[in-house]
Amino acid sequence: MADSGVAPPITAPRGVNAALPHDSAARHVAGSAVYIDDLPEPPGLLHVHLGMSARAHARIVKLDLSAVRASPGVVLVLSAQDIPGENDVSPVIHDDRLFAASEALGGEVVHVGQSLFAVAATSIAAARAAAAKAVVAYEDLPAAIDIAAARVMDFKIEASQRMARGDAREALDASPGRLQGRFAMGGQDHFYLEGQVALATPREGGDVHVWSSTQHPSEVQHLIARVLGKPDHAVTVEVRRMGGGFGGKETQASLFAAAAALVAVKTGRPAKCRPDRDEDMVMTGKRHDFEVAYDVGFDDDGRLTGLSLELASRCGATTDLSPAINDRAMFHVDNTYYLPAVAILSHRFRTHTVSNTAFRGFGGPQGMLAIERIMDAVAAEVGLDPLEVRRRNLYGGEGRDLTPYHQVVEDNVAPQLIDELAASCDYDARRREIEAFNQASPVLKKGIALTPVKFGISFTTTHLNQAGALLHLYADGSIMLNHGGTEMGQGLNTKVAQIVAQAFQVDVSRVKITSTVTDKVPNTSATAASSGADLNGMAALNAAETIKARLVEFAAAKWGVAPDAVAFTSDGVRVGGQTLAFEAFIRQAYLARISLSATGFYATPKIHYDRATHTGRPFYYFAYGAACSEVLIDTLTGEMKVTRADILHDVGKSLNPAIDLGQIEGGFVQGMGWLTTEELVYDGEGRLRTHAPSTYKIPTCGDRPAHLDVRLWKAGRNVEATVHRSKAVGEPPFMLAISVHSAINHAVASVGEYRVFPELNAPATPEAILMACEDVRRRARDV
């Protein structure tokens, strides 16, 4: 279908709170939305392929690229000695190299798939064929592939961190009941539909323009400039849209963008770097896999009295964002529960595997799964419904409002959400029916669980909580907006356009948002931490208010009325007793030489955090949700199906209910994948064996529950002064899927008539479920 390039007019209600479609929805469906690899290839384009390490940890004693250079179609071959600036594409610690090796001096590789060199050729086929001719000799070095090996070596990216409140050891020793346990959870590949890609075009004076599929254009700009040895203003990075990101393009797009930019500057020709799916999965980091050990104390009613929790994560070969990710895991160990005395110890292990990175939830899901697993274990021990144990441990009441990091929970709506969902989905009756079904069914078993979510909103690195926007009103009344956020399918541009339309009381079709580009709004933060609409929406609103103030002053002077007699309305601009059409009013302002352009800026208030003591207020507010999931398992094969899910989620006053519902459904299904089907397998040499759709299984449409009821909490409202009192919705729904894992646990426990607690790690693949069932049968016979 031909694309006119003009979005269809939107005639639905203007402004915020309206369920408007995504601004690119029609193009997405028609396949006409333009992504970087769809852009017309400029004349002379070079295709860049990265040669990769075949070893997990080794010294390169020989790197001979002479045959690569001589291969047909090759224009340029680059290794570490060809970098004019710094050989670094890391976000913080300067430990991610663009190229691990120098043809002249060799080098050291620290994971399979690490970039060794780049080949630029007239076609991607020619570049790949040439790269295969490289002669690389390795001297293998000791490698730590998993957490166990790294623990033995005491191999970490930083010192272990401790967060505590109260005396956990004393509380545990005094507890009426006490349990110890361990479990593990796997990582997850981002599996964005659009892979990593960058297209670089040289400009005069050695400058370069780069289209990059990144969530963080400013960081890509900065890192390209670092590699080139140039100031930031020599590099312009542009993003129109991404075909998904999920955190995988927050830091790790820089490698591919820098390689393309370096080739473009060196050759004076445009260059594109686009790994295929297998290469992408091998070269890029994942969600951190975790191992958890707990010692929990509780009373006879299932209320926690003390908790000592040990978290250990596989960070990979370099630092990336692992310190902040592991910090957030610690922040979310409490979830919705008050922990009277708690000590959390977090180990950040370095391994000789690809460096793990940001992923939706940013460590929060791992911390939250830990406490939910503990709730299930305590419930089994005291013989209570897990939902009742969860309710008894919720924040609320005098002296029960302080988190382990000493932030006061000021707006606790979890009890209301849980009660409303439990009633609407008929949880109590269904649980009784399921347990009766299990009693009569020897092979097929059902399970049900209702779990809550409390997710902190803000970057925990305080300085990242800022955003900018640039707003133009043209003389015809049309509006052009640029902001620092990036669109990756989540509907950010639509929401921000609605905010601006609301400010001027015009239809959203008047507002066009252009590509995110570093020469318009500088020094932006990543579109991450669920803060895209919070930050960029408020920055855009501030820009609109600046222009509106000028226009009010102009109108008051021109028509001789008081400023409060000037109002922007849905019928036009009211000035005293007359109303002017918006476009006519703006034309008058232009003729009067009123500036119709403004920048906007926003910095999140109230937040502060001392990482040395792990105390403070890292979050501006919390988003809440709850999900009730029902599953069916086959105890002879381990096969599992989620048959029903009911979700109630708090988005405050929704900016766009349609987009928010889509984010909740998508987050839940993606979380299901992490906990049930998506399994990352590394062999003993550190090679990823699940590096393609044939071996790595994300959820499909057939995995969506037949009954999936997703609702926005009607009572939702943000007590903090966010944009239109909305709440973030990108990451919090992901953790709703923990209810699926708990429901599987309930089903597996029925095999032993609920006498023993299942040993069930994540992901709960069919193999894992089958082994857990067999283990429960065996242990239940001994009880």
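These exercises, with worked solutions, concern a predicted model.

**Exercise 1. Cysteines 425 and 628**

Task: Decide how many disulfides the model holds, and explain the status of cysteine 425 and cysteine 628.

Solution:
- Start with the chemistry. A disulfide is a covalent bond between the sulfur atoms of two cysteines.
- Take the cut-off. The two sulfur atoms must lie within 2.5 Å.
- Apply this rule. The count is 0 disulfides.
- Look at cysteine 425. Its nearest cysteine sulfur belongs to cysteine 628 and is 3.8 Å away, and cysteine 425 is in no disulfide.
- Turn to cysteine 628. Its closest cysteine sulfur is in cysteine 425, and the 3.8 Å between them is too far for a bond.
- Add the surroundings. Cysteine 425 is buried, at a relative accessible area of 1%. Cysteine 628 is buried too, at 0%.

**Exercise 2. The largest cavity**

Task: Find how many cavities of 30 Å³ or more the structure has, then describe the lining of the largest cavity.

Solution:
- Search the whole structure. There are 7 cavities of 30 Å³ or more.
- Take the largest. Its volume is about 300 Å³.
- List its lining. It has 22 residues, and those closest to the centre are Asp96, Arg97, His111, Leu255 and Met283.
- Sort the lining by type. It holds 7 nonpolar, 11 polar and 4 charged residues.
- Ask which element gives the largest share. Helix α7 (residues 254-267) does, with 3 residues.

**Exercise 3. The second largest cavity**

Task: Give the volume of the second largest cavity and say what lines it.

Solution:
- Begin with volume. The second largest cavity encloses about 90 Å³.
- Go to the lining. Among its residues are Gln407, Asp411, Arg617, Phe622 and Glu720. Tyr620, Tyr621 and Tyr624 also line this cavity.
- Sort by type. The lining divides into 7 nonpolar, 1 polar and 4 charged residues.
- Find the leading element. Strand β28 (residues 621-634) supplies the largest share, 3 residues.

**Exercise 4. Strand β6 and its partners**

Task: Is strand β6 (residues 115-121) mostly covered or uncovered, and how do strands β1 and β3 pair with β6?

Solution:
- Check burial. Strand β6 is mostly covered, with 7 of its 7 residues buried.
- Recall the general pattern. In a regular strand the side chains alternate between the two faces of the sheet.
- Pair β6 with β1. Strand β1 (residues 46-52) runs antiparallel to β6, and 6 bridges join them. Here methionine 52 stands opposite serine 115.
- Pair β6 with β3. Strand β3 (residues 74-78) is also antiparallel to β6, joined by 4 bridges. Valine 77 has valine 119 of β6 as its bridge partner.

**Exercise 5. Backbone exceptions**

Task: Locate a cis peptide bond and two residues other than glycine with positive phi.

Solution:
- Set the expectation. Most residues other than glycine have a negative phi, and most peptide bonds are trans.
- Inspect omega. At about 5°, it marks a cis peptide bond between alanine 762 and proline 763. Proline 763 sits in the loop between α18 (738-749) and α19 (766-781).
- Inspect phi at glutamine 505. The value is positive, about 55°. Glutamine 505 is in the loop between α14 (492-504) and β20 (511-513). Its relative accessible area of 23% makes glutamine 505 partly exposed.
- Inspect phi at arginine 725. The value is positive, near 60°. Arginine 725 is in the loop between β30 (707-712) and α18. With a relative accessible area of 27%, arginine 725 is partly exposed.

Methods
Residues numbered from 1 in each chain as written. Predicted model: local features only at pLDDT ≥ 70, side-chain atom pairs only at ≥ 80, totals over all residues. Heavy atoms only, no water. Buried < 20%, exposed > 50% of the residue type's maximum accessible area, 1.4 Å probe, protein only. 1 Å grid on protein atoms, 1.4 Å probe; cavity = no way out; pocket = protein on both sides within 12 Å on 5 of 7 lines; lining within 4 Å. Points joined across faces, edges and corners; volume = space filled by probe spheres on them. Helix = DSSP H or I, 4+ residues; strand = E, 2+ residues; numbered from the N terminus. Nonpolar A, V, L, I, M, F, W, Y, C, P; charged D, E, K, R; others polar. Pairing = 2+ DSSP bridges.
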